[in-house]
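User: Hi! I am new to protein structures and would like to learn how to read one, feature by feature. Could you guide me?

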Amino acid sequence: MYMFDVLVIGGGNAALCTALVAREAGASVLLLEAAPKEWRGGNSIHTRNIRSMHDAPQDVLLDAYSEEEYWQDMLKVTGGLTDEKLARFVIRSTSNCRGWMQKHGVRFQPSLSGTLNLSRANAFFMGGGKALVNAYYRSAEQLGIEIRYNSPVDSLDVEDGQFRAAYVGGTRIEAKACVLAAGGFESNREWLDEAWGINELGERPAKNFLIRRTRFNNGVLLKQLLGICADSVSDATQAHMVAVDARAPLYDGGICARVDCVSFGIVVNKHAQRFSDEGEDFWPKRYAFWGRLVAHQPSQIGYSIIDSKVLGRFMPPVFPGEKADTLEELADKLGLDREDLLATVANYNAACRVGTFDHTAMDDCHTEGIEPAKTHWALPIDQGPFYGYTLKPGVTFTYLGLKTDETAAVRFNGEASRNLFVAGEMMAGNVLGKGYAAGVGMAIGTAFGMAAGAEAAKSVFGKRGEKYAAA
Ligand SMILES: Cc1cc2nc3c(=O)[nH]c(=O)nc-3n(C[C@H](O)[C@H](O)[C@H](O)COP(=O)(O)OP(=O)(O)OC[C@H]3O[C@@H](n4cnc5c(N)ncnc54)[C@H](O)[C@@H]3O)c2cc1C
């Protein structure tokens, strides 16, 4: 039976970057994608951009976004739960990976109007992540990478930390090296439920979570590897979690279900009480926190409420929210207690200290004397019609993953495997212990996908330790 040099498990951005680089380095490559062809590409097909370091304006990127500023952003959003060496490795990789991406057919465009504060730091994919994934698959086919769809790997044969083979159903597939790029465990609702357990109200929060994309990232291999003492990072409750429209489907609501008006109004829970600072930071650095904040509220539900003054300042949700001429009517439509909502809004309005409103800057409109404070963009909610959106936690991807270093090697009791590597969501927790900044998922997947591909090829050709230079 023919043995491939490098086996890549997964079919999203990280897997494709891995496969392409390994092939460019001369390895024969087999890629196994769990999904059927029409659903290929994992979470990556829903993406829009990659956060990119640059020292001067580039084609679609304005001004500069230095390594230091990028790093400070990472430090802030993760609250220090990040590995500086690996975070800087990712940051630096984003300064020169776009040429390689373009070589494989990815096209970029300036940010769309309404995408707040991203035109400087983030390069947008023309046609979105779907076009990126399609371009990579086309390139992979042209380069002779073998791709098998409908091929979920259900277990690995690993001996003394070294990869021997993968199993798809009863079929054993051997390779000289293997790269795991099979996503997190966000689609595995039982595992999410086990991780989140029961809250102080006796509820099982994870029962109310929606999954923003693929149903194929079940974490089967992550679980197996953790079971055989692969070194791990982060914990099972940490994830990129967005507060999404509660009407979104259980899987694959994608970007359509996002509600981006949080910083322009207030968010209340089912008791019509505010519970967090809606104006803490720019939305791209906060949106991935709100799913978790809502997950900690009773019944895991929230309500984003705005007035007419702020319409047109954010990307409008695809699905219209509730609209009402009065707050009483809005409360009725959202199923909130009228008196409680009126009291919350009245307190908030009275606390607003309006300076010069500027949604493109950390402005001076803030509240005084209420808890929680709203520290920026605090305008009274007083101009009808009013709008309300019901929110649920939407899990994008989980952070519990495999510990690694710049070589992307999986580690067992601190020892790096010689031929088993990891990229993408399966190791994102090395960089993202918690929190998120828009565009970092694709940055991690691209940087470590390319590194894993190079290292896997080198392990086959006996050249580990040499530096890979993308052609
Ligand atoms: C709606 C949405 C919007 C997003 N927008 C952005 C954005 O604009 N910028 C950004 O940086 N990030 C964004 N992200 C996050 C981003 O999608 C991920 O960080 C990134 O795509 C992860 O890439 P990956 O290759 O690790 O995982 P995925 O793209 O999820 O790929 C995992 C692959 O593994 C396959 N697989 C799973 N289990 C197995 C198995 N056992 N055997 C074989 N194959 C298996 C899956 O089918 C899938 O193809 C977004 C995510 C979502 C859901």
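User: Which residues is V6 in contact with, once its neighbours within four places in sequence are left aside?

Analyst: This is a predicted model, so keep that in mind as we go. To read a contact list, look at the residue numbers. V6 is in contact with A22, A27, V29, A175, A177, V179, A456, A457 and V460, leaving aside neighbours within four places in sequence. V6 also belongs to the largest nonpolar core, a group of 152 residues. Along with I9, V179 and V422, V6 touches the most other members of that core.

User: Which helix gives the most to this core, and where does the core lie?

Analyst: Helix α11 gives the most, with 13 residues. As for its place, domain 1 and domain 2 both give residues to the core, so the core lies between them.

User: How are the two domains laid out along the chain?

Analyst: A domain can be made of several stretches of the chain. Here the domain assignment gives domain 1 as 4-184 + 219-236 + 399-461, and domain 2 as 240-394. Their C-alpha centres lie 33 Å apart. Where they meet, 14 residues of domain 1 are in contact with 12 residues of domain 2. The side of domain 1 that touches domain 2 has 6 nonpolar, 6 polar and 2 charged residues.

User: Now the ligand. How many residues surround it, and which are the closest?

Analyst: Think of a shell drawn around the ligand. That shell has 44 residues, and the closest are G12, G42, G424, G441 and M442. By type, the shell divides into 18 nonpolar, 21 polar and 5 charged residues. Elements that each supply at least two residues include α1 (13-24), β3 (49-51) and α7 (220-227). Helix α11, which we met in the core, gives the most to the shell, with 4 residues.

User: How do I read a helix? Which residues of α3 are buried?

Analyst: Sort its residues into buried and exposed, then see where each group points. In α3 (residues 84-94), the buried ones are L86, A87, V90, I91, S93 and T94. Seen down the axis, these residues fall within an arc of 165°, so they line one face of the helix. On the other side of α3, E84 and K85 are exposed. The cover over the buried residues includes β3, α2 (67-78), α4 (97-103) and α11.

User: Let me try α6. Which of its residues are buried, and which are exposed on the face turned away?

Analyst: In α6 (residues 189-196), W191, L192 and W196 are buried. They cover an arc of only 125° around the axis, which puts them on the same side of α6. The face turned away carries the exposed residues E190 and E194. Strand β18 is included in what covers the buried residues of α6. Just after the helix, G197 takes a positive phi of about 60°.

User: Why would anyone point out a positive phi or a cis bond?

Analyst: Because most residues other than glycine have a negative phi, and most peptide bonds are trans. Two residues here have a positive phi although they are not glycines: D252, at about 70°, and A272, at about 60°. D252 is in the loop between β12 (239-245) and β13 (266-268), while A272 lies in the loop between β13 and α8 (287-295).

User: Are D252 and A272 buried or partly exposed?

Analyst: Count the other C-beta atoms within 10 Å: 20 or more makes a residue buried. D252 has 17 of them, so D252 is partly exposed. A272 has 21, so A272 is buried.

User: And which residues are joined by cis peptide bonds?

Analyst: One cis bond joins E371 and P372, with omega at about -10°. Another joins G384 and P385, with omega at about -5°. P372 is in the loop between β17 (366-367) and β18, and P385 is found in the loop between β17 and β18 as well.

User: One last residue: where is E186, and what does it touch?

Analyst: E186 is found in the loop between β9 (171-180) and α6. With 29 other C-beta atoms within 10 Å, E186 is buried. Not counting residues up to four places away in sequence, E186 touches I211, N217, A239, V395, T396, F397 and T398.

Terms used:
Residues are numbered from 1 along each chain as its sequence is written. This is a predicted model: local features need pLDDT of at least 70, side-chain atom pairs count only at pLDDT 80 or more; totals for chains, interfaces and linings use all residues. A residue is near a molecule or strand if its C-beta atom, placed from the backbone, lies within 6 Å of it. Ala, Val, Leu, Ile, Met, Phe, Trp, Tyr, Cys and Pro count as nonpolar, Asp, Glu, Lys and Arg as charged, and the others, Gly among them, as polar. A nonpolar core is a set of buried Ala, Val, Leu, Ile, Met, Phe, Trp, Tyr and Cys residues joined through C-beta atoms within 7 Å. A residue is buried if 20 or more other C-beta atoms lie within 10 Å of its own, exposed if 12 or fewer, and partly exposed in between; C-beta atoms are placed from the backbone. Domain bounds come from an automatic or database domain assignment. Two residues are in contact if their C-beta atoms, placed from the backbone, lie within 7 Å. The arc is that of the directions from the helix axis to the C-beta atoms.
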